[in-house]
Amino acid sequence: MGSVLAASSPTPPPPVGGGPGLTSVPPGFTMPTVSPVSPAGTAVGSAAGGQQEPEVTLPNPGAFEECHRKCKEVFPAQMEGVRLTVNKGLSNHFQVNHNILLSTTGDSTYRFGATYVGTKQTGPGEAFPVMVGDMDNSGSLNAQIIHQVTNRVRSKLAFQTQQQKFVNWQGDAEFRGEDFTATVTVGNPDVVVGSGSNFIATLTLGGAGAHASYYHKANEQLQVGVEFEASTRMQDTSVSFGYQLDIAKANLLFKGSIDSNWVVGATLEKKLLPLPLSLALSSFLNHRKNKFQCGFGVTIG
């Protein structure tokens, strides 16, 4: 009498039969997934046809004030009498300059200017905040503060005094997009019309009138510009054409201009390398008023 306990291992399941040419998978294991082989000459997940070319986008034209400045730099600056400019850098962040103008028709003036550049580096050759100011011998002051708030937003505050009286102030906020720059000035909206790799077209609209300019860089030596200004207060409009010719091998810079009032002007600048000296000659002729002006300038530093 008694009982017998018998135990036996469960019968293993039959092996999974594989298809022709496939290996059987042991119990408890799985085969890794394998991507199917595409037929020769066919790309998986790609549409038939050639690759799409990358879309060409316009570059950002830069700061709004730089748009008009590019065109204005092409025109010669009118100068009468003798001018002496001395620039001196006191440190990597601070620079001063002295400007003396001796005139035979107007008052002779002296201006002292200072520039401070902060330590917030935003790019090659750019640091903020920037504070610029100059004062003349009568006590009149011009100053402005520029600061990069974010990567796309820049602000500027400028004010002006005439002797001991506060006469003007202006605040700007600038936004930079991928291919445009928009600026809002207190009381006056500014809009950039368009830009390209070698040209800048700018339009400014405000209560005082309109200002449009077109700048084009033909090559490394030649640059041209056209400027249109209309004033609602003066009830006057003018159109100017200017060009700039840079002869780098001779260290010469020539600028010429003519406007709708038949004023023709030209300047010639010569760098006396290796000395830190630059000489400038300027002449302007107003055909309507039969008036001629000429000047000579020296820049040190």
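This passage walks through the backbone features, the cysteines and one glycine of a predicted model.

A good place to begin is the backbone, where a general expectation helps. Most residues other than glycine have a negative phi, and most peptide bonds are trans. Against that background, two proline sites are worth a look. The peptide bond that joins F128 to P129 is cis, and its omega is near -5°. P129 itself belongs to strand β4, which covers residues 126-136. A second cis peptide bond runs from L273 to P274, here with omega near 5°. P274 sits in a loop, with β15 (263-271) on one side and β16 (277-286) on the other. Readers following the chain in the viewer will thus find one cis bond leading to a proline in a strand and another leading to a proline in a loop.

Positive phi values offer a further pair of sites. N251, a residue other than glycine, has a positive phi near 55°. Its place is the loop that links β13 (236-247) to β14 (252-259). With a relative accessibility of 26%, N251 is classed as partly exposed, because that value falls between the 20% limit for buried and the 50% limit for exposed residues. W262 is not a glycine either, yet its phi is positive, at about 60°. This tryptophan is found in the loop between β14 and β15.

Attention can now turn to the cysteines. The number of disulfides in the structure is 0. Two cysteines can be described by their surroundings. C71 has a relative accessible area of 0% and is therefore buried, since buried means under 20%. C294, in contrast, has a relative accessible area of 44%, so C294 counts as partly exposed.

The last site returns to strand β4, where G133 is located. At a relative accessibility of 22%, this glycine is partly exposed, because the cut-off for a buried residue is under 20%. G133 and A114 lie 19 residues apart along the chain, while their C-alpha atoms are separated by 5.6 Å. A114 also appears among the contacts of G133 once neighbours within four places in sequence are set aside. The other partners on that list are F112 and G113, together with N142 and A143. Strand β4 therefore holds both P129, which follows the cis bond from F128, and G133 with the contacts just described.

How values were computed:
Residues numbered from 1 in each chain as written. Predicted model: local features only at pLDDT ≥ 70, side-chain atom pairs only at ≥ 80, totals over all residues. Heavy atoms only, no water. Helix = DSSP H or I, 4+ residues; strand = E, 2+ residues; numbered from the N terminus. Buried < 20%, exposed > 50% of the residue type's maximum accessible area, 1.4 Å probe, protein only. Disulfide = S-S within 2.5 Å. Contact = heavy atoms within 4.5 Å.
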